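This report walks through one protein structure, taking its sheets, its helices and a few unusual backbone positions in turn. Please keep the sequence and the structure in view while reading.

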Amino acid sequence: MKLGLIGNPIKHSLSPWIHNQLLQQANISGEYNLYELEPGSFTEQVELLRKEGLNGFNVTVPFKQKIMMELDDVDTQAELIGAVNTVKVENGQWTGFNTDGKGFLNSLKVKYPDISSSDINILILGAGGAAKGIFYTLVHAGFENIDIANRTSARVKEMTKGNDKTKRSGILSLAEAENHVADYDLIIQTTTVGMKPHTEQQIISLENIREGTIVSDIVYQPLMTAFLKEASEKGARIHQGHEMLLYQAVYAFEIWTGASLDEQGLLETLEAHLKGA
Ligand code: ATR
């Protein structure tokens, strides 16, 4: 099995480490290589990539949208999100998927099965690529009450443009979100705020949060962000960034290989790896 990652920069990516673990657990011999492509000559380099004999590859910044022009087919979810992070190669045909949102939702449902009720109130913080993947996955899964707060409100409008399914998808400022945290059952932090080395930063205060609310942060370095620490101290339940990271990788691996894996064991291995990093 020949797998890989395209993006730039990708030297510090965790994907090779994760996918090598997955290959080992699935007992599949293979390799996962890094292809750091130059944005200026993307099309030419993709032509070279076609000759590599890959069975599949991941796509990261800044090519998640650009790669879509090179595909023979795109799965519905990725089309809706407008970005592809996983490509499957079969008989020379390239099919694009987006595993971020589903990785997020699957990892959350495994940890908190009560999340399946679609009438819960959800708050998404941020309106970048990660927020968009999560938003459309939640909409697709039937969740109807999703508010979004972002520093720049115009980006939320842009992000939710294609959506006509949610009954209510309010746009809030970060200050409004902070004042209303008690209204939500699930709060999802999708920005880079709090990521190493700025670990003291926190997008909003959780002073007024209700006990039992689920608070999720997609940042996984550190594993326990300031945001999650405050959530936990206030009696909220937490969902950490490495859980989404692992599940989106496992879902991509399943698309390529058809193998089904033990996510829980892998999650512990990833946690130990990140703690040691
Ligand atoms: P990605 O595609 O990886 O999600 P992005 O498109 O750059 O990254 O989006 C980053 C998100 O983090 C955005 O919601 C951004 O807010 P703006 O749209 O207002 O730029 C948010 N973000 C980044 N730094 C921030 C900060 N210091 N305070 C608040 N929000 C921040």
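In which sense do strand β1 and β2 pair, and over how many bridges? In this predicted model, strand β1, which covers residues 2-7, pairs with β2 in the parallel sense, and the pairing runs over 6 bridges. One of the residues involved is Lys2, whose bridge partner in β2 is Glu31. As background, the strands of a sheet pair through backbone hydrogen bonds, and the pairing is either parallel or antiparallel.

**The sheet with mixed pairing**

Strands β1 and β2 belong to an open sheet of 6 strands, in which the order is β2-β1-β3-β5-β6-β4 and the pairing is mixed. At the edges of this sheet are β2 (31-36) and β4 (73-74), each of which pairs on one side only.

Two helices can be described together with this sheet. Helix α2, made of residues 42-50, lies across β1, β2, β3 (56-59) and β6 (93-97), and runs at about 115° to β6. Helix α9, made of residues 241-257, packs on the sheet as well, where it touches β1, β2, β3, β5 (86-90) and β6, and its direction makes about 10° with that of β5.

Within helix α9, Gln248 deserves a look of its own. Is Gln248 buried or exposed? Its relative accessibility is 11%, and because buried means under 20%, Gln248 counts as buried. Leaving aside residues up to four places away in sequence, Gln248 touches Asn85, Thr99, Asp100 and Gly103.

**The sheet with parallel pairing**

A further open sheet of 6 strands has the order β9-β8-β7-β10-β11-β12, and here the pairing is parallel. Its edge strands are β9 (171-172) and β12 (237-239), each pairing on one side only.

Strand β7, which covers residues 121-125, pairs with β10 in the parallel sense over 4 bridges, and in this pairing Ile124 stands opposite Ile188 of β10. Strand β7 also pairs with strand β8 (residues 145-149), again in the parallel sense, over 5 bridges, with Asn121 standing opposite Asn145 of β8. Of the 5 residues of β7, 4 are buried, so this strand is largely enclosed by the rest of the structure. Helix α8, made of residues 226-233, lies across β7, β10, β11 and β12, and it runs at about 165° to β11.

**Helix α10**

How far apart are the end C-alpha atoms of helix α10? Helix α10 holds 14 residues (263-276), and at 1.5 Å a residue it should span 20 Å; its end C-alpha atoms are indeed 20 Å apart, so the expected and the computed values agree.

The buried residues of α10 are Leu266, Leu267, Leu270 and Leu274. Seen down the axis of the helix, these buried residues fall within an arc of 105°, so they line one face of α10. Among the elements that cover them are α1 (15-26) and α9, the latter being the helix that also packs on the sheet with mixed pairing. The face of α10 that is turned away from its buried side carries the exposed residues Glu268, Lys275 and Gly276. At the N-terminal end of α10, Asp262 acts as a cap, with a side-chain oxygen that lies 3.2 Å from the backbone nitrogen of Gln264.

**Unusual backbone positions in loops**

Two peptide bonds that lead into a proline can be described side by side. The bond from Asn8 to Pro9 is cis, with omega near 0°, and Pro9 lies in the loop between β1 and α1. A cis peptide bond also joins Lys196 and Pro197, where omega is about 5°; Pro197 has its place in the loop between β10 (186-189) and β11 (214-217).

Two asparagines, neither of them a glycine, have a positive phi, as Asn27 and Asn91 show in the table below.

| Residue | Phi | Loop | Relative accessibility |
|---|---|---|---|
| Asn27 | about 60° | between α1 and β2 | 72% |
| Asn91 | about 50° | between β5 and β6 | 79% |

Exposed means over 50% relative accessible area, so Asn27, at 72%, counts as exposed, and Asn91, at 79%, counts as exposed too.

Key
Residues numbered from 1 in each chain as written. Predicted model: local features only at pLDDT ≥ 70, side-chain atom pairs only at ≥ 80, totals over all residues. Heavy atoms only, no water. Pairing = 2+ DSSP bridges. Contact = heavy atoms within 4.5 Å. Axes fitted to C-alpha atoms, helices over the stretch in contact; angles between N-to-C directions. Expected span 1.5 Å × (residues − 1). Buried < 20%, exposed > 50% of the residue type's maximum accessible area, 1.4 Å probe, protein only. Arc of directions from axis to C-beta. Polar contact = N/O pair within 3.5 Å; in protein donor to acceptor, adjacent residues only side chain to side chain.
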